[in-house]
Amino acid sequence: MYQVKPMCGGDVKVDLPTCMYKLANIHERPLGDTCTHEHAPLQNGMVDPSIKALETRQDEIMRKLYELKAAVEGLAKTVTTPNADMDLTVSSSLSSQSASFPVFKGSADLDMLLGKDHGALHDIVINANPAKPPFTLLVLHNLLSQRYRVLSTVHIHSSISSVPPQLLSCLGPRHPDSYARHLFQLGFTLIWKDVPKLQMKFSVQNMSPIEGEASVARFLFKLLAPYPSNAALATLVDDWVDTAFLQLAEGSAKERATVVRALNSALDCDPWLVGCDVSLADVACYCCLLLSGAISSSVPANVQRWLESCENLGYFAPAKVLLQ
């Protein structure tokens, strides 16, 4: 319908660009080029310092991303814990001392003891009532911290308005590396909460909470040392643990006096309650004596010597701090 004549000749050649922007090559400099450039390589084939700085910065960013990924994985586990709903974070701490104790040495395989965990570390979440602080758990936490790299955290649940200052720092001070969960083996989270009995969970999806300080203490102690292979000795340990929590901690003055006499008789020949090594029986009886207020200068000689031996070990100190 319409015809337009050409406006120019058909022999005109147009040089089309091969790229949108042109940049100087920063990796090499043409021969004879004596001009200086901020991205030009140094002489003798050395890499420009700006390139090295960029690589270093990239490595640092990747390291922080890895740490953030591990922290998010750990936080996701905590959020999915039904009994770990927390309203106020009080303090976090790492207890990773390397000192060894005369009885509990070495490090066990937590995957074998607690099952394979796909998170950054194995989390143990404990709900405790501040009206009855779990002395044995503080002692066992101290022992666990000597054997494993433990990430310790204290929280307050909304059911509790406030707690004494010594309960806020009962697991130690905050560690500067507490944000990096992948550096730890075991997570120990203590939540002060209005609960009738102490509760513990370590596997959110596969277990119901363990209730009672005695049951939780038995569980935690097995992460340190197995029960005696001798059935009679293992039964004796359990008997002392039950006696400590049922009679020393909750019994009458007459019952406590009876237990103190039994302790004196048991310590007549051996330095510890069950054999020649410290066991859960010693931890439970010491903490329950401390809680009941039965420790005084009037205790029998064998019990007094045993109390001094416990305190000389050092890891009973966190329980005594709560009474100050």
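Reader: Is Ala253 buried or exposed?

Author: Ala253 is exposed, because its relative accessible area is 54% and the cut-off for exposed is over 50%. This residue lies in helix α7, residues 253-266. Keep in mind that the model is predicted.

Reader: Which residue lies 39 positions from Ala253 along the chain, with a C-alpha separation of 9.2 Å?

Author: That residue is Ser292.

Reader: How should I class Ala262, as buried, exposed or partly exposed?

Author: Ala262 is also found in α7. Ala262 is partly exposed, because its relative accessible area is 34%, and partly exposed covers the range between 20% and 50%. In space, its C-alpha is 9.7 Å from that of Val303, and 41 residues separate the pair in sequence.

Reader: What is the mean pLDDT of the chain?

Author: The general idea comes first. Where pLDDT is low, predicted coordinates should not be read in detail. Here the mean for the protein chain is 76. A pLDDT of 70 or more is reached by 73% of the residues. Residues 34-40 fall below 50, and this stretch has 8 contacts in the model beyond near neighbours in sequence. Residues 79-107 are also below 50, with 82 such contacts.

Reader: How many helices and strands does the chain have?

Author: The secondary structure comes to 10 helices and 6 strands. The chain has 324 residues, of which 39% count as buried. Now take contacts with a separation of 6 or more. Residues 24 or more positions apart account for 77% of them.

Reader: Let us turn to the strands. How many residues of β2 are buried?

Author: Strand β2 spans residues 122-128, and 7 of its 7 residues are buried. Read the strand face by face. One side carries His122, Ile124, Ile126 and Ala128. The other carries Asp123, Val125 and Asn127. Both faces are covered.

Reader: Which strands are joined to β2?

Author: Strand β4, residues 186-192, is joined to β2 by 7 bridges, and the two run parallel. Asp123 stands opposite Gly187 in β4. Strand β5, residues 199-201, is joined to β2 by 3 bridges, and this pair runs antiparallel. There, Val125 stands opposite Lys201.

Reader: What joins β3 to β4?

Author: There are 7 bridges between them, and the strands run parallel. Val154 has Leu190 as its bridge partner in β4. Strand β3 itself covers residues 150-156, with 7 of 7 buried. Val150, Ser152, Val154 and Ile156 point one way. Leu151, Thr153 and His155 point the other way.

Reader: Now the core. Which residues touch the most other members of the largest nonpolar core?

Author: The general idea is simple. In soluble globular proteins, nonpolar side chains tend to be buried together. In this model the largest nonpolar core holds 68 residues. Those touching the most other members are Ile126, Leu140, Leu144, Leu220, Leu273, Leu280 and Trp306. Helix α8, residues 280-292, gives the most to this core, with 10 residues.

Reader: What is Leu140 in contact with, leaving aside neighbours within four places in sequence?

Author: Its contacts are Ala217, Leu220, Phe221, Leu224, Leu280 and Val283.

Reader: Ala217 brings up helix α5. How many of its residues are buried?

Author: Helix α5 covers residues 213-221, and 8 of its 9 residues are buried. They are Glu213, Ala214, Val216, Ala217, Arg218, Phe219, Leu220 and Phe221. When you look along any helix, recall the general rule. An α-helix has 3.6 residues a turn, so residues three or four places apart point the same way.

Reader: How many cavities of 30 Å³ or more does the structure hold?

Author: Again, the idea first. Rolling a probe the size of a water molecule over the atoms shows where empty space is left. The structure holds 1 cavity of 30 Å³ or more. The volume of the largest cavity is about 50 Å³.

Reader: Which residues line the largest cavity?

Author: The lining consists of Pro133, Phe135, Thr136, Glu213, Phe245, Ala249, Cys287, Cys288 and Leu291. Helices α3 (135-147) and α8 each supply at least two of these residues.

Reader: Which element gives the most to this lining?

Author: Helix α8 does, with 3 residues. The α8 helix also gives the most to the largest nonpolar core.

Key:
Residues numbered from 1 in each chain as written. Predicted model: local features only at pLDDT ≥ 70, side-chain atom pairs only at ≥ 80, totals over all residues. Heavy atoms only, no water. Buried < 20%, exposed > 50% of the residue type's maximum accessible area, 1.4 Å probe, protein only. Helix = DSSP H or I, 4+ residues; strand = E, 2+ residues; numbered from the N terminus. Pairing = 2+ DSSP bridges. pLDDT = per-residue confidence, 0-100. Contact = heavy atoms within 4.5 Å. Core = buried A, V, L, I, M, F, W, Y, C linked by side-chain atoms within 4.5 Å. 1 Å grid on protein atoms, 1.4 Å probe; cavity = no way out; pocket = protein on both sides within 12 Å on 5 of 7 lines; lining within 4 Å. Points joined across faces, edges and corners; volume = space filled by probe spheres on them.
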